[in-house]
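Visitor: I'd like to learn how to read a model like this one. Could you walk me through it?

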Amino acid sequence: MTAPDYYEYRHLVGFEETNLVGNVYYVNYLRWQGRCREMFLLEKAPEVLADVRGDLKLFTLKVDCEFFAEITAFDELSIRMRLADLTQTQVAFTFDYVKIAPDGAEYLVARGQQRVACMRGPNTDTRPTRVPEPLRLALEPYAVAATAPVLTGTTTVG
């Protein structure tokens, strides 16, 4: 069995993440992107976290999310992060939000993107810096393949 081409963060939706109608409030999808990215750094690139505690800053330049189906409290999600683009100073990620049904079936419910710039320096004088080598190496296995299928709608995954 081959390793997946994505980093996975599993999440169980709670009541606090839903609105009055009972579906998940949109801002939570963006929170989950950040959480997925943080867990990736913790598990796969802890050296970068140490660097962030120093003067490395990871500025989120752009974030978006497209919704295909609603989810509600106690739905189980797999947030799957892939590397979409890597330049000298920036990293772009894609995120697939996959609902895991009780029978194990998987449904794509949303897709997001995020672009991050690496910066260094004091808050009054931050400047772009190269993506740290440990982060580049940790991201390599998760690069989006040029021929990867694009999933849309509530397509069953797998």
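Guide: We'll go through the core, one helix, a surface patch and some salt bridges. This is a predicted model, so local features need pLDDT of at least 70 and side-chain atom pairs count only at pLDDT 80 or more, while totals for chains, interfaces and linings use all residues. Residues are numbered from 1 along each chain as its sequence is written, and side-chain values use heavy atoms, with hydrogens and water left out.

Visitor: Which residues have the most contacts inside the largest nonpolar core?

Guide: A nonpolar core is a set of buried Ala, Val, Leu, Ile, Met, Phe, Trp, Tyr and Cys residues joined through side-chain atoms within 4.5 Å. Buried means under 20% relative accessible area, exposed over 50%, and partly exposed in between (1.4 Å probe, protein chains only). Here the largest core has 32 residues, and Tyr7, Trp32, Phe40, Ile71, Ile79, Tyr97 and Leu135 have the most contacts inside it. Among the elements giving two or more residues are β1 (7-12), β3 (76-86) and α3 (133-139), but α1 gives the most, with 6. Helices (H or I, at least four residues) and strands (E, at least two) are DSSP runs, numbered from the N terminus.

Visitor: How many residues does α1 have?

Guide: α1 has 18 residues and reaches 26 Å from its first C-alpha to its last, close to the 26 Å expected at 1.5 Å a residue. That expected span is 1.5 Å times one less than the number of residues. Its buried residues include Trp32, Cys36 and Phe40.

Visitor: Which residues form a nonpolar patch on the surface?

Guide: Patches take residues with over 30% relative accessible area and no salt bridge, joining like charges within 9 Å and nonpolar side chains (Val, Leu, Ile, Met, Phe, Trp, Tyr) within 5 Å. Leu12, Phe15 and Phe74 form one, with about 370 Å² of accessible area together (Shrake-Rupley method, 1.4 Å probe, only the protein chains shown counting as cover). Phe74 lies in the loop between β2 (56-67) and β3, and counts as exposed at 52%.

Visitor: How many salt bridges are there?

Guide: A salt bridge is a side-chain nitrogen of Lys or Arg within 4 Å of a carboxyl oxygen of Asp or Glu. A search of the whole structure finds 13. One joins Glu8 and Arg80 (3.9 Å, N to O), linking strands β1 and β3 across 72 residues. Arg80 is buried at 5%, whereas Glu8 is partly exposed at 30%.
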